[in-house]
Amino acid sequence: MSMVQNPFYYKTRTLYCENMPVRTLVKKYGTPLYIYSRQAFLQRYAEVAGGLKEFNPLICFSVKSNANIAILKMLGRAGAGADIVSGGELFRCLKAGIPPSRIVYAGVGKTTAEIRFALKSGIRLFNVESLPELHAINAVARGMGTIARIGFRLNPDVDAKTHALTTTGKKENKFGLPIAHALDYYREAGRLAHVRAVGIDMHLGSPIFSLQPYTTALRKLLAVLDTLATHNITLEELDIGGGLGITYANEKPFTVAAFARAIRPFVRRSGLRLIVEPGRYICGNSGILATSVTYVKKTPVKNFIITDSGMNDLIRPPLYGSYHRIEPVQKRGQRTMTADIVGPICESSDFMGKDRKIEEPGAGDCLAVMSAGAYGFSMSSNYNSRPRACEVLVSVNNASVIRRRETYDDLVRAEVR
Ligand SMILES: *Cc1c(COP(=O)(O)O)cnc(C)c1O
């Protein structure tokens, strides 16, 4: 199949994923159903790899955005490494065959057990977010008779102009270490025998739609590198995190080419190996959530379209007020209605869309929640004792189940009677 611009598209009135009608997938696998396009993932990954080629970067896919092993395996084969934030994510990456030499580990609360697991696995880099963590890594490495490669995640105090709950690079955020004291951290690392400081790191938040936060923060990181150089401290890796925005409604994200242009002077001057950690950019528009309409409920003040997927399946709208386009899987040319599109969960925040103008569906009709490939299934839960959705990966006119639908037995599997 030739590369299509958008792997999710309408042919006449039917929504397709690659060459498969979504309604065929729904009929076969039921709803709620996460549907991913293999081509979309690989195309977006190739876009990042191609656009940043001049830097010979290590592209560490942010596992928390979509952690399915089949997805990790596919991206790993394409050359990706991984950005992880837990021992569980490391476990997944190893299962998926991602070489540990391509794995970088961030997060403010790494436990000693997780640090030990990561050292034993031989990951490339710990991005350290506090001095107690630095000492914990040193102690674990000493106990294992090894030396941990570390970088410091610095908080550049830059406003990424994204949602208050998804910005991470301002000084009041819990992430990273205050950039003003960077020299002290590297000196402290220099005093410890079982860590070797090789990296400098930032991650500003997500999604970011302007290049300016990156350039402002990079200017600050370069100033730190200059200071380190005057103290004969030299590094190897420059990790600039992820956060690249995508189109949910009609946002106009910057291109990878523009991103490359913006970071070029800084990366060149640093002389360091570039690491980037895109998550959403690679998977956000590579998946949708298909859901069935259970009821259409009309009240004097509002209409509700009640679906069989809820905030346990996709929590982004309640959590961040995120917008996802919602479209009929099969357009019928019915008149439109304005309705809140909500789930069955017993919470008022259980919604996927508010005041949406949409073709009036009937019970049993299917809707597609678009741009659900990132922070969709990976944030899902069993709240209200709802088995988690099935995930399928489509390749041209083939679909494979990459996570079966959970059963009621799965819900109680770990519990003790
Ligand atoms: C979440 C996260 C990312 C990925 O962010 P995206 O917006 O999905 O690109 C990268 N790095 C770190 C440290 C993160 O926590």
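**Notebook: cavity, pocket and domains**

I began with enclosed space, and a search of the whole structure, which is a predicted model, gave me 1 cavity of 30 Å³ or more. I noted that about 60 Å³ of space lies in this largest cavity. For its lining I wrote down P328, Q330, R332, Q334, E359, E360, P361, D365, C366 and L367, and sorting the residues of that lining by class gave me 4 nonpolar, 2 polar and 4 charged.

Next I looked up how the chain is divided, and I recorded domain 1 as 8-36 + 284-412 and domain 2 as 106-278. I then took the C-alpha centres of the two domains, and I have domain 1 and domain 2 lying 36 Å apart by that reckoning. For the contact I listed 9 residues from domain 1 and 7 residues from domain 2.

I turned to the interface itself, where the area buried between domain 1 and domain 2 comes to about 730 Å², with carbon and sulfur atoms giving 56% of it. On the side of domain 1 that touches domain 2, I entered 3 nonpolar, 4 polar and 2 charged residues. I looked for salt bridges across the interface of domain 1 and domain 2 and the rule found 0, whereas for polar contact across that interface it found 1 residue pair, with both residues at pLDDT 80 or more.

Last, I went to the open space, and I put about 540 Å³ in the largest pocket. I noted 29 residues that line this pocket, of which K64, T168, F175, H203 and Y375 are the closest to its centre. By class, I divided the residues of the pocket lining into 11 nonpolar, 11 polar and 7 charged.

Where does the largest pocket lie with respect to domain 1 and domain 2? I checked which domains give residues to the lining, and because domain 1 (8-36 + 284-412) and domain 2 (106-278) both do, I placed the largest pocket between them.

Methods. Residues are numbered from 1 along each chain as its sequence is written. This is a predicted model: local features need pLDDT of at least 70, side-chain atom pairs count only at pLDDT 80 or more; totals for chains, interfaces and linings use all residues. Side-chain values use heavy atoms; hydrogens and water are left out. Domain bounds come from an automatic or database domain assignment. Contact means heavy atoms within 4.5 Å. Buried area is the accessible area (1.4 Å probe) that two parts lose on being put together, summed over both. A salt bridge is a side-chain nitrogen of Lys or Arg within 4 Å of a carboxyl oxygen of Asp or Glu. A polar contact is a pair of N or O atoms within 3.5 Å; within protein, one must be able to donate a hydrogen and the other to accept it, and residues adjacent in sequence count only if both atoms are side-chain atoms. Ala, Val, Leu, Ile, Met, Phe, Trp, Tyr, Cys and Pro count as nonpolar, Asp, Glu, Lys and Arg as charged, and the others, Gly among them, as polar. On a 1 Å grid over the protein atoms alone, a cavity is a set of points where a 1.4 Å probe fits but cannot get out, and a pocket is an open set with protein on both sides within 12 Å along at least five of seven lines; lining residues have an atom within 4 Å of a point. Grid points are joined across faces, edges and corners, and a volume is the space filled by probe spheres set on the points.
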